[in-house]
Amino acid sequence: MAEALARTLAAPPRPTYRTDRSFEWNHANGPDFAGPWPVVPETPTKDFFGLAVRSRFGVAASIVLNSRWTETYARLGFDILTYKTVRSQARLCHPPPNWLFLDDRSVAAGLADRETPLALAARPPADPRTATTAGSFGTPSVAPETWQPDIAAARRALGPGQALIVSVVGTARPGLSEADFVAEYGALAQTVAAAGADLVEVDLSCPNVARREGEVYLDPRLSAAIARAVKAAAGARPVLLKTGDIADRAQMAAFLEAVAGAADGVVMINAPSRPIVDGAGAPAFGAGRERAGVAGGAIKAIALRAVADAAAHIRRRGLPLEVIGVGGVASAADARAFLDAGAYAVQAATAAAWNPYLAAEIKAAAPDI
Ligand SMILES: Cc1cc2nc3c(=O)[nH]c(=O)nc-3n(C[C@H](O)[C@H](O)[C@H](O)COP(=O)(O)O)c2cc1C
């Protein structure tokens, strides 16, 4: 068994998501993975919001596009799987390119500042598993008539000790009242819960959409109203809120205080929004898409600090909230660092695409995770 695992882990990394194809292509044809399948180490059961899981590790809302992706990642040993954010009506993805590598030096020099443009990498990185990327998708969604039965299929594709989170987002549109915007989240939560979600996640933080949808987490009052509506609609299911990095820690504290008691957990962090340029200094994703979400290796430090500070505040104030850590996790050591910082569970997006063996690696190195 160890030999088989060593052999599969030695395979060169290749992404399951085809970045040279459209999102719709990946939805219809992915994941691009034909094996070899790892021997996933048996690990002890842990509690995850009252659910039994084989590890507190999984995939963040990103590349689990539908039930086929769920089936593949479940079989690869990822235990906490997040079905990519769905809407109450169909929305096309931004046209390709959607997901590009960034230049390490440009990221190192500019990431700390929200307005400094980051440059694309001139050539593919030496190790894509730990590389930094920029994503510009726009939170696409198929229609509810399609995702509803597919969520049920995704739930059926899980093995014992695995949990399905379904991420939802309301769609901001001109003239929509705040009450109707909040109610839309409740209706979405009720539908995904009925379809088979074990937990409901609310995306309060997409970097590539209308401000109103994408920056809800900066408004504690609206965040709490949405959390309450979702909690009421989700039945007994745990509710998670996905946020960006809240750089102002007083604002982070206000958010945590406001949502505690309605939400059960916060998922930190979504991809920080930054201007992205090509080699000539032009918007890399095209006009109108000047900013994109930065994900992968370089955001780990930001995510770790956010998780540590949120967990410390929650502990100090005795708030009934857990933190799920996301951002640049590419190894068992990374996952351990998030848990040591106070995270309850850990997820990956970028590294999970470029290293489908990540869960098996983590289970082999750290069966307690
Ligand atoms: C391809 C891709 C798609 C994503 N889609 C979503 C999404 O639909 N909803 C969401 O809340 N976050 C989304 N994210 C953000 C991730 O969940 C995660 O917060 C971010 O990528 C940081 O994790 P990473 O460094 O492991 O990639 C997406 C990220 C990527 C790379």
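**Note on the ligand site and strand layout**

1. An oxygen atom of the ligand lies 2.7 Å from a polar backbone atom of Gly 328. The model is predicted, and this distance, like the other values below, should be read as computed from it. Gly 328 is also among the residues that come nearest to the ligand, together with Ala 61, Thr 85, Lys 242 and Thr 350. The shell around the ligand has 20 residues.

2. Two further polar pairs involve oxygen atoms of the ligand. A polar backbone atom of Ala 349 is 2.9 Å from a ligand oxygen, and for Lys 84 a polar side-chain atom is 2.8 Å from a ligand oxygen. On its own the ligand has 600 Å² of accessible area, and the protein covers 95% of that.

3. What is the make-up of the shell around the ligand by class? It has 10 nonpolar residues, 7 polar residues and 3 charged residues. Two strands, β4 (80-86) and β13 (291-296), each supply at least two residues of this shell. These two strands belong to separate sheets in the descriptions that follow: β4 is part of a closed barrel, and β13 is part of an open sheet.

4. The barrel has 8 strands and runs β3-β4-β8-β9-β10-β11-β14-β15, with parallel pairing. On average, neighbouring strands of this sheet are turned by 25 degrees against each other, direction ignored. Within the barrel, β4 is joined by 5 bridges to β8 (residues 163-168), and the two run parallel. One residue pair can be named here: Leu 81 has Leu 164 in β8 as its bridge partner.

5. Two helices can be placed against barrel strands. Helix α3 (residues 67-75) lies across β3 (57-59), β4 and β8, and it runs at about 160 degrees to β4. Helix α10 (residues 300-317) lies across β11 (265-268) and β14 (322-326), at about 175 degrees to β14.

6. The open sheet has 5 strands in the order β5-β7-β13-β12-β6, and its pairing is mixed. Why do β5 (99-101) and β6 (118-119) each have one side without a neighbour in the sheet? Both stand at the edges with a single partner strand each, so one side is left free of a neighbour. For β6, 2 bridges lead to β12 (residues 273-277), and these strands run parallel. Ala 119 stands opposite Val 277 in β12.

7. Two cis peptide bonds deserve a look. The bond from Pro 96 to Pro 97 is cis, with omega near 5 degrees, and Pro 97 is found in the loop between β4 and β5. The bond from Met 268 to Ile 269 is also cis, with omega near 10 degrees. Ile 269 lies in the loop between β11 and β12. In each case the loop runs from a barrel strand to a strand of the open sheet.

8. A last backbone point concerns Phe 49. Its phi is positive, about 50 degrees, although Phe 49 is not a glycine. Phe 49 is found in the loop between β1 (46-48) and β2 (51-53).

Note on methods
Residues numbered from 1 in each chain as written. Predicted model: local features only at pLDDT ≥ 70, side-chain atom pairs only at ≥ 80, totals over all residues. Heavy atoms only, no water. Near = heavy atom within 4 Å. Polar contact = N/O pair within 3.5 Å; in protein donor to acceptor, adjacent residues only side chain to side chain. Areas by Shrake-Rupley, 256 points an atom, 1.4 Å probe, with all protein chains shown as cover. Helix = DSSP H or I, 4+ residues; strand = E, 2+ residues; numbered from the N terminus. Nonpolar A, V, L, I, M, F, W, Y, C, P; charged D, E, K, R; others polar. Pairing = 2+ DSSP bridges. Axes fitted to C-alpha atoms, helices over the stretch in contact; angles between N-to-C directions. Contact = heavy atoms within 4.5 Å.
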